[in-house]
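I sat down with this one to look at how a strand sits between its neighbours and the core. Here are my notes, in the order I looked things up.

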Amino acid sequence: MNNKCTFCRIPDRELNTKDYFDKMKLWRQFVTEGLMKFKGGDTSLEKFEEEISRELKYTYYHYFECNCGRSIKTGVCIRSSVPIIEYLN
Ligand SMILES: [Zn+2]
C-alpha cells in the first residue's frame, strides 16, 4: 500500500461538511478518470448532492477503492455537521 498516495488523502484534522462535498466531488472526478473505483453507496455518484438534499434518509454512505489499494468509506448525516471519511483497511 502506498502511504503517499495523493488521490485518496484524507485531511488529518476535524472534518466538516465542506470537506465531505469537496472529497465526494473530487473522488467522483477520479472515478471518471479511472484513478478510483466507486464501490456503491446509498445514492448514485452522479446525483449524490441532489439525493442528499432531499433528506429521505438520515445517513448516506458511499464506498470507494483507490488504485493504491485503499478502501474508503464516506458518510454524511443530515443532522450533523461532522462527516465520516475513513479508510477501511
Ligand atoms: Zn490512494
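I began with the two faces of β3: Ile72, Thr74 and Val76 lie on the covered face, while Ser71, Lys73, Gly75 and Cys77 lie on the uncovered one. In a regular strand, side chains alternate between the two faces of the sheet. My strands and helices are DSSP runs (E, at least two residues; H or I, at least four), numbered from the N terminus.

A note on the source: this is a predicted model, where local features need pLDDT of at least 70, side-chain atom pairs count only at pLDDT 80 or more, and totals for chains, interfaces and linings use all residues. Residues are numbered from 1 along each chain as its sequence is written.

Next I looked up the partners of β3, where pairing needs at least two DSSP bridges between two strands. β2 and β3 pair antiparallel over seven bridges, and Glu65 has Ser71 as its bridge partner. Their hairpin has four residues between the strands, and Gly69 there takes a positive phi near 110°. On to β4 (residues 84–87): four bridges join this strand to β3, again antiparallel. Ile72 stands opposite Tyr87, and six residues lie between β3 and β4 in their hairpin.

Then I turned to the core. Which residues make up the largest nonpolar core? I found twelve: Cys8, Tyr20, Met24, Trp27, Met36, Phe48, Tyr60, Phe64, Cys66, Ile72, Val76 and Ile85. α1 (17–33), β2 (59–66) and β3 (71–77) each supply at least two of them. Such a core is a set of buried Ala, Val, Leu, Ile, Met, Phe, Trp, Tyr and Cys residues joined through C-beta atoms within 7 Å; buried means 20 or more other C-beta atoms within 10 Å of the residue's own, placed from the backbone.
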